[in-house]
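Student: Hey, I've got a protein open on my screen and I'm a bit lost. Could we walk through it together?

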Amino acid sequence: MPAETSTQQLIARRNRLLGPAYRLFYEQPVHVVRGEGIWLYDAAGKRYLDAYNNVACVGHCHPRVIEAIARQAAVLNTHTRYLHETILDYAERLLATFPAEIGQVMFTCTGSEANDLALRVARTCTSGTGVIVTRTAYHGVTGALAELSPSLGLPEPTAPHVRLVPAPQSAGDETGEIFANHVRTAFADMARNGIRPAALLVDTIFSSDGVFADPPGFLRPAVEAAHAAGALFIADEVQPGFGRCGQGLWGFARHGIVPDMVTMGKPMGNGHPIAAMAARPDLLREFGARSRYFNTFGGNPVSAAAGMAVLDVIEREGLVENAGRTGALLRQRLDALRARHELVAEVRGAGLFIGVELRHGGAPAGQQAARIVNALRETGVLISAAGPGGNVLKIRPPLVFGAEHVDLLVDALDQALLENSPG
Ligand code: PMP
């Protein structure tokens, strides 16, 4: 059967069976059947340079992770109401990557569950309900988090306990104070409306807002403002975590702050569904005194083995250093495209998390961004776009991305920009 026909048939079947809420990537969706390292392969055998998938952080189908999952699955898989060492070994190893204040960790299956749990802890410990998130934030799929994820498309007005603040646009040294002022204003508005604050919840690299990473440290005044208002600070590390920012394992560390709670997921099991919420023990003491927690699949021995293998590979293959080194090279090469293409307004990010903002005549160039993302897909390079105007190319490859992949990506983008410039 020709590949075109089978793709159309798969799309029709999918729509019939899964309904209309799902969205596929690309005008011509990709039917992937195999992955290896930095490469994905479609049903026709065409290979794609994966410059987008952060879940497969140590590369698609890494043999060490597969082996760890298979070995544990062949022996035992249960849950956290039985004793088992693997989860404790993994918890110790994971907690060692955090500042000393973050002393305990609870396991879930998804980033959404981790954020949902963090929210419950925050509300229990503050007796408040109010939460501040950024204007194009995404934090998850549960009912509570959909209210805190305006990028999903929220009803207007938003829920009474939610306040949206603008993402921290790059404004040099002023960035932190400007962002903190928005946060203070939002807390003041809650107070005027009799809403007690519970949390400031941010993705520490502001992925869906369009990738904002600099200057390092800009989050500090906002965290102080949250604490001054009696709220807790939750660092959502689902996207920036596990070394992607090229400096330590966590995005919040670039800002010199210690969160009250940290949530993580996506890359944690290199595709195996494991996620977690790490916190200050005094918060969990209070939560645990009032509530119990059991997540049937969260923290099972197979997941813990997968998580441990991912940390092993990140360490042995020097992937944090690689994210820093290759990320710097990639940003430098992308920045050079600014001189050649008027559309490229700004290149920003940290490590292997990069946003390329496209603007035309001062306005967000969302349509051009979509055309470029689709043109790259045709040439066999996978990226996406983010930001409120969909005009920020989002480049977020597995951490095994090397200099040779930088060449392939930048050359393809150069060509796509040439062919899709507004003229
Ligand atoms: N937080 C952020 C910043 C995310 O990007 C995501 C997933 N895109 C989530 C939370 C939710 O994670 P999950 O899809 O595993 O529930």
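Tutor: Sure, we'll go from the whole chain down to single residues.

Student: Anything I should know before we start?

Tutor: This is a predicted model, where local features need pLDDT of at least 70, side-chain atom pairs count only at pLDDT 80 or more, and totals for chains, interfaces and linings use all residues. Residues are numbered from 1 along each chain as its sequence is written, and side-chain values use heavy atoms, with hydrogens and water left out.

Student: OK. How many helices and strands does the chain have?

Tutor: There are 12 helices and 16 strands. Helices (H or I, at least four residues) and strands (E, at least two) are DSSP runs, numbered from the N terminus. The radius of gyration is 21 Å, close to the 22 Å from the globule rule for 423 residues, so the chain is as compact as a globular protein of that length. That radius is taken over C-alpha atoms, and the rule is 2.2 Å times the number of residues to the power 0.38.

Student: And what does the C-alpha trace span along its principal axes?

Tutor: About 60 × 55 × 45 Å.

Student: What share of the residues counts as buried?

Tutor: 54% of the 423 residues. Buried means under 20% relative accessible area, exposed means over 50%, and partly exposed is in between (1.4 Å probe, protein chains only).

Student: What about contacts across the chain?

Tutor: Contact means heavy atoms within 4.5 Å. Of the contacts with a separation of 6 or more, 72% are between residues 24 or more positions apart.

Student: Let's pick a helix. Which residues of H2 are buried?

Tutor: Val65, Ala68 and Gln72 are buried in H2, which runs over residues 63–73. Seen down the axis, the buried residues of H2 fall within an arc of 60 degrees, so they line one face of the helix. The arc is that of the directions from the helix axis to the C-beta atoms.

Student: Why would residues a few places apart point the same way?

Tutor: An α-helix has 3.6 residues a turn, so residues three or four places apart point the same way.

Student: Neat. What do the buried residues of H2 pack against?

Tutor: They pack against helix H3 (85–95) and helix H9 (301–316).

Student: Got another helix like that?

Tutor: Try H8, residues 281–290, where Leu283, Leu284 and Phe287 are buried. Those residues cover an arc of only 90 degrees around the axis, which puts them on the same side of H8. On the face turned away from that buried side, H8 carries the exposed residues Arg285 and Ala289. The cover over the buried residues of H8 includes helix H4 (111–126) and strand S9 (261–264).

Student: Since you mention S9, what's in there?

Tutor: Methionine 264 is one residue found in strand S9. Methionine 264 has 0% relative accessibility, so it counts as buried. Leaving out residues up to four places away in sequence, methionine 264 touches a list of residues including Leu94, Phe98, Trp250 and Ala278.

Student: How far apart are the C-alpha atoms of methionine 264 and serine 112?

Tutor: 9.3 Å, although the two residues are 152 apart along the chain.

Student: New topic: how many salt bridges are there?

Tutor: The count comes to 21. A salt bridge here is a side-chain nitrogen of Lys or Arg within 4 Å of a carboxyl oxygen of Asp or Glu.

Student: Can you show me one inside a helix?

Tutor: Aspartate 189 bridges to arginine 192, with the closest N and O atoms 3.2 Å apart. Both lie in helix H6 (residues 175–192), 3 residues apart, about one turn of the helix. Aspartate 189 is partly exposed at 24% relative accessible area, while arginine 192 counts as exposed at 62%.

Student: And one that links distant parts of the chain?

Tutor: Look at aspartate 414 and arginine 340, whose closest N and O atoms are 2.7 Å apart. This pair links distant parts of the chain, with aspartate 414 in helix H12 (residues 403–419) and arginine 340 in helix H10 (residues 319–340), 74 residues apart.

Student: Is aspartate 414 buried or exposed?

Tutor: Aspartate 414 is buried, with a relative accessible area of 16%, whereas arginine 340 is exposed at 52%.
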